[in-house]
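Student: I have the sequence and the model open at my bench. Please walk me through them, starting with any vocabulary I need.

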Amino acid sequence: MSVRVGILGATGAVGQRFIQLLDDHPTFELAAVTASPSSAGLTYREAAKWRVDTPIPDDVAGMEVVATDPEAIADADVDLLFSSLPSSVAAEVEPPFLEAGYVVSSNSSNDRMAADVPLTIPEINPDHLGLIDVQRDERGWDGALVKNPNCSTITMVPTLAALDEFGLETVHVSTLQAVSGAGYSGVTSMEILDNAIPHIGGEEDKMETESRKLLGSFDGAELSLHDADVAASCNRIPTLDGHLENVFAALTEDPEPEAVRDAMRAFESADLPSSPDQLIKVFGPDEPDRPQPRLDRTYADGMGIVAGGVETTTDGIQYNCLAHNTIRGAAGASILNGELLVEEGYV
């Protein structure tokens, strides 16, 4: 089965990751790329300042970039759209596509916490796609909007899902986030070299709210947030890719570190083309200095989660986790959600 897809905002950093990851995808065929009006009419090679570490696919380089408008892609016969637009733009641009009947798997942060919008990690909460039926009834459109979480949230939540069998009560997390999470021009070299920035605007709130929605329960009509309290401190450090996070979790049970490692290793992945065979790779006590961004961010082609440093505390467990923020944490997450939409018959 071949599904024709398009990318909204295809020339930016995340849009370029989409193009890289969609190249030779077993299901998705890229049929449309959109960007700002200044890029419309140019070839993709002309419009995009390519910064990904693999060449532009030949069949994409010559594609014409069109305006980010439903009428502009009407002739492309697209079944599914991936959105990498800035959230302020996406809030205005995505609804017309949804009203026109398109299914959109979006990396943009707008509407992630909306009560009728699925915020989905396929390995964690695939049943939340049922919110699409609620969404269509309430908003009166034929399309569907699905969001993936923030890049720092998606790094932590799979490990929390594995811990939930021990009774997850409270989570404190401190992040060490790569500069690519801010976009190519988001942090200047003078700001970040020989430095760490102990604030990332809006990031703490995203981690604290999105994680509870992802771990929540859906009864077929309404979604309830998980009861755990989550507190986050987010920091930018001078690594290129890979978010490293220090997690402290209070649990109702008192598992030994090995039981926690076993639970993470055994946490089931999804049966989708982009899912890793083992979702969470876990380092044992003999490697307490792992994971590290440079060494571990490309685990499972950047689509897996890596954990280590598991130790007991007075209240529960502490550990470190890491994921590639622009692959698993952005474009790859949206593609995985697109694969789930196909699997569940929404596309």
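Tutor: Let's begin with handedness: a crossing is left-handed if the near helix is turned anticlockwise from the far one by less than a right angle, and right-handed if clockwise. Helices (H or I, at least four residues) and strands (E, at least two) are DSSP runs, numbered from the N terminus. This is a predicted model, in which local features need pLDDT of at least 70 and side-chain atom pairs count only at pLDDT 80 or more, while totals for chains, interfaces and linings use all residues. Residues are numbered from 1 along each chain as its sequence is written, and side-chain values use heavy atoms, leaving out hydrogens and water.

Student: Which hand does the crossing of H1 and H11 have?

Tutor: Look at where the two helices touch (contact means heavy atoms within 4.5 Å). Val14, Arg17, Phe18, Leu21 and Leu22 are the H1 side of the contact, and they meet Ile327, Ala330, Ala331, Gly332, Ser334 and Ile335 of H11. The crossing of H1 past H11 is right-handed.

Student: Which residues of H8 does H6 meet?

Tutor: H6 passes H8 in a right-handed crossing. From H6, the residues in this contact are Cys151, Ser152, Thr153, Met156 and Val157. Their partners in H8 are Glu203, Lys206, Met207, Glu210, Ser211 and Leu214.

Student: How many salt bridges does the structure hold?

Tutor: Side chains of opposite charge can pair when their charged atoms come close. Here a salt bridge needs a side-chain nitrogen of Lys or Arg within 4 Å of a carboxyl oxygen of Asp or Glu. The number of salt bridges in the structure is 10.

Student: How many residues apart in sequence are the parts that Lys147 and Glu94 tie together?

Tutor: The side chains of Lys147 and Glu94 form a salt bridge, with 3.0 Å from N to O. Lys147 belongs to strand S6 (residues 144-147) and Glu94 to helix H4 (residues 87-99), so this pair ties together parts whose separation in sequence is 53 residues.

Student: Are Lys147 and Glu94 buried or exposed?

Tutor: The scale is relative accessible area: buried is under 20%, exposed over 50% and partly exposed in between (1.4 Å probe, protein chains only). On that scale, Lys147 and Glu94 are both buried.

Student: Which residue pairs with both Glu287 and Asp296?

Tutor: Glu287, at 29% relative accessibility, counts as partly exposed, whereas Asp296 is buried at 3%. The salt bridge with Glu287 spans 3.8 Å, N to O, and that with Asp296 spans 2.6 Å. The partner is itself buried, with a relative accessible area of 17%. In each salt bridge the other side chain is that of Arg290.

Student: Which residues are linked with Glu258 in a network of salt bridges?

Tutor: Two arginines and one aspartate join Glu258 in this network. They are Arg261, Asp262 and Arg265.

Student: What is the distance in space between Glu343 and Leu272?

Tutor: Glu343 lies in helix H11 and is exposed, with a relative accessible area of 54%. In sequence, Glu343 and Leu272 are 71 residues apart. In space, their C-alpha to C-alpha distance is 8.1 Å.
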